[in-house]
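User: Hey, got a minute to go through a model with me? I'd like to poke at the strands, a helix and any empty space inside.

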Amino acid sequence: MDKKSVPAPSEEEIDWGGSGAGGSKNLQKDKTLLKNVHTGLPNPPSDAIKCSLIKGDYLYFHYGCDGQDDRGWGCGYRTVQTLSSWICHNCSPPKNHCRPVPSLPEIQQALVTMGDKTDSFSGSREWIGTFECSLVLDHFYDVPCKVVHVRGGGAELEHLAVAELHQHFEKHNSPVMMGGDRDNSSKGVLGVWTGDKGSYLLVLDPHYYGCELDRTELQRRGWVAWKRVSSLDQSSFYNLCLPQTARLLNVF
């Protein structure tokens with residue numbers, strides 16, 4: 001891994017006070033979140049032919065990280081929050097450039113306001129995916145997204161998805177949201193490694209729930225890890241949401 005492109009790990013406090021559509025009694029104020037949790041992760045066990053990584057800082061959002069228990073339905077929202085945190089740290093959007101990361105109620109209300117969801121969606125436990133992610137990032141940060149559909153596993157994942165990800169990280173630097181149908185667990189993608197033994201994705205898993213762990217422990221437990229592309233569900237289709245941030249980037 002190119003350490004020159006990976007910032008030093010640290011923590012950051014998020015003020016959730018008064019956020020959300022109507023607020024939430026479960027939200028905690030000034031919750032500390034970890035930054036850049038992939039830093040120091042060992043490389044995959046193969047010789048690299050090509051490696052492309054995100055650049056810049058992000059925060060790791062996961063189940064319950066703001067005090068709201070969203071286990072079983074909130075993984076897509078948490079990945080959207082991680083992508084939003086990267087935009088806040090690294091971009092200068094022309095609209096609302098100082099806007100904090102949206103809460104789960106704010107994300108739901110935004111989708112209702114846009115007309116993508118009905119009123120009953122607010123306050124529900126309904127999932128969101130890559131398409132909703134693209135709407136939310138455009139709504140809050142004026143960041144358009146490219147959504148790529150990969151029809152199946154195997155060769156399409158190994159070639160189409162990997163090529164798209166290499167191109168994305170080299171041009172836009174931003175993390176990516178990934179989801180599917182049979183594999184419907186939302187995940188963040190922070191990098192892609194093409195080696196002599198196949199390709200790997202650097203996956204950030206939002207499904208962790210519990211007390212805050214340090215970066216080393218998160219890595220040891222596999223919440224951020226290099227995953228072989230061939231280990232993904234070969235019978236599932238996948239969608240990628242790629243934020244088009246090149247025109248908004250600050251100088252790294």
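Analyst: Sure, below we take the strands, then a helix, then the inside space. Keep in mind that this is a predicted model.

User: Okay, β6 then. How many of the residues of strand β6 are buried?

Analyst: Nine of the nine, across residues 187-195, so β6 is largely enclosed by the rest of the structure.

User: Which sense do β3 and β6 pair in, and over how many bridges?

Analyst: Antiparallel, over five bridges, with β3 covering residues 48-53. As one example of who faces whom, Cys51 stands opposite Trp193 in β6.

User: And how many bridges are there between β5 and β6?

Analyst: Three, again in the antiparallel sense; β5 is residues 176-180. Met177 stands opposite Gly188 in β6. The two strands, β5 and β6, also make a hairpin, with six residues between them.

User: What about β7, how many bridges join it to β6?

Analyst: Seven bridges, and β6 and β7 (residues 198-204) run antiparallel. A hairpin links β6 to β7 too, through two residues. Gly188 turns up again here, standing opposite Leu204 in β7, and Val189 stands opposite Val203.

User: Is β7 mostly covered or mostly open?

Analyst: Mostly covered, with six of its seven residues buried. β7 also pairs with β8, residues 224-228, in the antiparallel sense over five bridges. In that pairing, Leu201 has Lys227 in β8 as its bridge partner.

User: Remind me, where do side chains point in a regular strand?

Analyst: They alternate between the two faces of the sheet.

User: Switching to helices. How many residues does α3 have, and what distance does it reach?

Analyst: α3 has 12 residues, 130-141, and reaches 16 Å from its first C-alpha to its last. That is close to the 16 Å expected at 1.5 Å a residue.

User: What comes right after α3?

Analyst: Asp142, whose phi is positive, near 60 degrees.

User: Which residues of α3 are buried?

Analyst: Thr130, Glu132, Cys133, Ser134, Val136, Leu137, Phe140 and Tyr141.

User: And what do those buried residues of α3 pack against?

Analyst: A mix of helices and strands: α1 (75-90), α2 (104-113), β4 (145-150), β5 and β9 (238-243).

User: Let's zoom in on Thr130. Why is it called buried?

Analyst: Because the relative accessible area of Thr130 is 8%, and buried means under 20%.

User: Which residues is Thr130 in contact with, leaving aside its neighbours within four places in sequence?

Analyst: Val147, Met177, Met178, Gly179, Asn239, Leu240 and Cys241. You'll recognise Met177 from the strands, as the residue opposite Gly188 in β6.

User: Last topic, empty space. How many cavities of 30 Å³ or more does the count give?

Analyst: The count comes to one. About 40 Å³ of space lies in the largest cavity.

User: Which residues line the largest cavity?

Analyst: Phe61, Thr79, Thr82, Gly188, Leu204, Asp205 and Pro206. Gly188 and Leu204 are the pair we met standing opposite each other in β6 and β7.

User: And how does the lining of the largest cavity break down by class?

Analyst: Three nonpolar, three polar and one charged.

User: Just so I have the idea right, what shows where empty space is left?

Analyst: Rolling a probe the size of a water molecule over the atoms.

How values were computed. Residues are numbered from 1 along each chain as its sequence is written. This is a predicted model: local features need pLDDT of at least 70, side-chain atom pairs count only at pLDDT 80 or more; totals for chains, interfaces and linings use all residues. Side-chain values use heavy atoms; hydrogens and water are left out. Buried means under 20% relative accessible area, exposed over 50%, partly exposed in between (1.4 Å probe, protein chains only). Helices (H or I, at least four residues) and strands (E, at least two) are DSSP runs, numbered from the N terminus. Two strands pair if DSSP finds at least two bridges between them. The expected span of a helix is 1.5 Å times one less than its number of residues. Contact means heavy atoms within 4.5 Å. On a 1 Å grid over the protein atoms alone, a cavity is a set of points where a 1.4 Å probe fits but cannot get out, and a pocket is an open set with protein on both sides within 12 Å along at least five of seven lines; lining residues have an atom within 4 Å of a point. Grid points are joined across faces, edges and corners, and a volume is the space filled by probe spheres set on the points. Ala, Val, Leu, Ile, Met, Phe, Trp, Tyr, Cys and Pro count as nonpolar, Asp, Glu, Lys and Arg as charged, and the others, Gly among them, as polar.
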